[in-house]
Amino acid sequence: MTDPQPTILLVDDEPAIRRIAVRVLQKAGFKVLEAGDGEEAFRVWQENQHDVALIVTDVMMPKRNGWELLEAVRAAAPDTPFVMTSGFDPSQGTPAPTGARVQMLGKPWEGPKLVAAVNSMLA
Ligand SMILES: [Mg+2]
């Protein structure tokens, strides 16, 4: 990633978590777009897909969950890296992620772990 300030799309249906995550990522030097569910996230991604370097998404969300979001984005942009966050085992009952470029992050995460997960996927 040569962009000095990559853009992250942050998706979570819990406003309090979203707010914290946005702040953590901004402090770490990222530009952050946000969405409150998978459907909104896909719209935001479509409008900004040439800028979005990585998507951090909650798994459990209304309308379109994190895995459905991943599937929709990957259909158009197969290389988009994802960090999936979940309080449950995020890999349970879900399709195995196709290829690499997906990292799981358990909830509740700590700020440095979120930043580390993002950075490792952008490296
Ligand atoms: Mg959720």
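How many cavities of 30 Å³ or more does the count come to? In this predicted model, the count comes to one such cavity, and the space in the largest cavity is about 40 Å³. A walk around its lining leads into the strands of the structure and on to a metal site.

The lining of the largest cavity is made up of L10, V11, D12, I17, A21, V56, T57, D58, T85, K107, W109 and L114. By character, these lining residues divide into seven nonpolar, two polar and three charged. At least two lining residues come from each of β1 (7-11), α1 (15-27) and β3 (52-58), and β3 gives the most, with three residues.

The strand β1 can be followed through one of its residues, L10, which belongs to the cavity lining. On one side of the pairing pattern, β1 is joined to strand β2 (residues 31-35) by five bridges, with the two strands running parallel, and the bridge partner of L10 in β2 is E34. Between these two strands the chain passes through α1, and this β-α-β crossover from β1 to β2 is right-handed. Five bridges also join β1 to β3, again in parallel, and here L10 has V56 as its bridge partner.

From V56, which is likewise a lining residue, the path continues to strand β4 (residues 82-86), where V56 stands opposite V83. Four bridges connect β3 with β4, and these strands run parallel; together with helix α3 (residues 66-76), β3 and β4 make a right-handed β-α-β unit. As for its surroundings, β3 is largely enclosed by the rest of the structure, because seven of its seven residues are buried.

One residue of β3, D58, ties the cavity to the metal site, since D58 appears in the lining of the largest cavity and is also a donor to the magnesium ion. The ion is coordinated by D13 (OD), D58 (OD) and M60 (O), at 1.9 to 2.2 Å, and along the chain these donors follow the spacing D-x44-D-x1-M. The pair D13 and D58 links distant parts of the chain, with D13 in the loop between β1 and α1 and D58 in strand β3, 45 residues apart.

Are these two aspartates buried or exposed? D58 has a relative accessible area of 3%, under the 20% limit, and is therefore buried, whereas D13, at 28%, lies above that limit but not over 50%, so D13 counts as partly exposed.

Methods:
Residues numbered from 1 in each chain as written. Predicted model: local features only at pLDDT ≥ 70, side-chain atom pairs only at ≥ 80, totals over all residues. Heavy atoms only, no water. 1 Å grid on protein atoms, 1.4 Å probe; cavity = no way out; pocket = protein on both sides within 12 Å on 5 of 7 lines; lining within 4 Å. Points joined across faces, edges and corners; volume = space filled by probe spheres on them. Nonpolar A, V, L, I, M, F, W, Y, C, P; charged D, E, K, R; others polar. Pairing = 2+ DSSP bridges. Right-handed = clockwise from strand over helix to strand, strands pointing away. Donors = N, O, S within 2.8 Å, 3.2 Å for Na, K, Ca; no water. Buried < 20%, exposed > 50% of the residue type's maximum accessible area, 1.4 Å probe, protein only.
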